Amino acid sequence: MPLIGGNLRLAVNAFFVTDGTRSLLIDTGASDNWHDPTMGLIYDALDEAGIDRARITDVAITHNHEDHVSGLIAPDGSEAFPKLERVWIGAGDTSVFTGRLEPVRDRVVPVAEKIAVNDWTIAIPTPGHTPGHTVYDIESSTGHLLVWGDTVHVPTLQFDQPEVSWEFDGNQSQARAARAALLERLTRPSHFVAGAHLDSPGIARVAPSGAGYALEYLAPPIG
């Protein structure tokens, strides 16, 4: 694995998806919860992309870890998305909405089984990394974009050796089984993956390669 100054570099991505009328933000980054100047930049990224945070009524969370859910609350303690109506998250992860995240608890929609988030997004429970880990399958005329959260943490290793697990997988055997199933699914035609910890741009194609898989990043991202 490539290291920088002896440390593993870990990208942290969130994804904004829109059909021009409705929109969905998947994951929210760390806000100021990690006290690291390279983290919590989602608000700047949305501004740079010309996306008004007040447009965002629905946020889908892949799981309850800080670098995915903390961005619901801005560094000044206010709600980051003032028009927020729903926060979709796996039923096994809803206990995270206390303390700092308590203000949005009344808008949480627990995902206990496969369910439609909107006309083009299906939430699919994939427990393992956390009890409520959830992926989101987005369908358009281009195909399927599977936003898979923390299914893979280290892309330079886990595509080639998908059996390798991450220390922070709560249930490593479950996480390994979920990863195997999702990787196989992604080899279908017109299927793409968007990963929280994939390198920029975070969106790629997956193909079988030997005993593992090969990753082909898309640049620019699919429309």
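A cavity here is a set of grid points where a 1.4 Å probe fits but cannot get out. This predicted model has 1 such cavity of 30 Å³ or more, and the largest cavity has a volume of about 70 Å³. There is also an open space to look at: the largest pocket holds about 1300 Å³. Beyond those two, the rundown below covers salt bridges, a surface patch and a buried glycine.

**The cavity**
- Twelve names are worth finding in the viewer: Thr126, Pro127, Gly128, His129, His133, Asp150, Thr151, Asp169, Ala175, Ala178, Arg179 and Leu182 line the largest cavity.
- Sorted by class, that lining comes out as 4 nonpolar, 5 polar and 3 charged residues.

**The largest pocket**
- The lining of the largest pocket takes in 43 residues.
- If you want to home in on its centre, go to Val12, Asn13, Ala14, Phe15 and Pro201, which lie nearest to it.
- Four elements each put at least two residues into this lining: strand S3, helix H1 (42-48), strand S10 (134-140) and strand S11 (143-147).
- The top contributor is S3, which gives 4 residues.
- As for chemistry, the pocket lining splits into 26 nonpolar, 12 polar and 5 charged residues.

**Salt bridges**
- Side chains of opposite charge can pair when their charged atoms come close.
- Across the whole structure, the search turns up 9 salt bridges.
- One of them joins Asp58 to Arg86, with the closest N and O atoms 2.7 Å apart. Asp58 sits in strand S5 (residues 58-60) and Arg86 in strand S6 (residues 86-90), so this pair ties together parts of the chain that are 28 residues apart in sequence.
- The two partners sit in different settings: Asp58 is buried, at 8% relative accessible area, while Arg86 is partly exposed at 30%.
- Another bridge pairs Arg107 with Asp106, and here the closest N and O atoms are 3.1 Å apart. Arg107 counts as buried because its relative accessibility is 16%, below the 20% cut-off. Asp106, at 65%, counts as exposed because it is over the 50% mark.
- Arg185 bridges to Asp137, with 3.0 Å between the closest N and O atoms. This pair links distant parts of the chain, with Arg185 in helix H4 (residues 172-186) and Asp137 in strand S10, 48 residues apart.
- In that pair, Arg185 is partly exposed at 21% relative accessibility, and Asp137 is buried at 8%.
- There is a network too: salt bridges with shared partners join Asp19, Arg22 and Asp119 into one group.

**A nonpolar patch on the surface**
- Leu3, Leu8 and Leu10 make up a nonpolar surface patch, and together they have about 230 Å² of accessible area.
- To find Leu10, look in the loop between strand S2 (7-8) and strand S3 (15-18).
- Leu10 has a relative accessible area of 31%, so it counts as partly exposed. That value also clears the patch cut-off, because patch residues need over 30%.

**A buried glycine**
- Gly149 is in the loop between S11 and helix H3 (155-158).
- With a relative accessible area of 1%, Gly149 is buried.
- Its C-alpha atom is 7.4 Å from that of Thr134, a residue 15 positions away along the chain.

Definitions and conventions:
Residues numbered from 1 in each chain as written. Predicted model: local features only at pLDDT ≥ 70, side-chain atom pairs only at ≥ 80, totals over all residues. Heavy atoms only, no water. Patch = residues over 30% accessible without salt bridge, like charges linked within 9 Å, V, L, I, M, F, W, Y side chains within 5 Å. Areas by Shrake-Rupley, 256 points an atom, 1.4 Å probe, with all protein chains shown as cover. Salt bridge = Lys/Arg side-chain N within 4 Å of Asp/Glu carboxyl O. Buried < 20%, exposed > 50% of the residue type's maximum accessible area, 1.4 Å probe, protein only. 1 Å grid on protein atoms, 1.4 Å probe; cavity = no way out; pocket = protein on both sides within 12 Å on 5 of 7 lines; lining within 4 Å. Points joined across faces, edges and corners; volume = space filled by probe spheres on them. Nonpolar A, V, L, I, M, F, W, Y, C, P; charged D, E, K, R; others polar.
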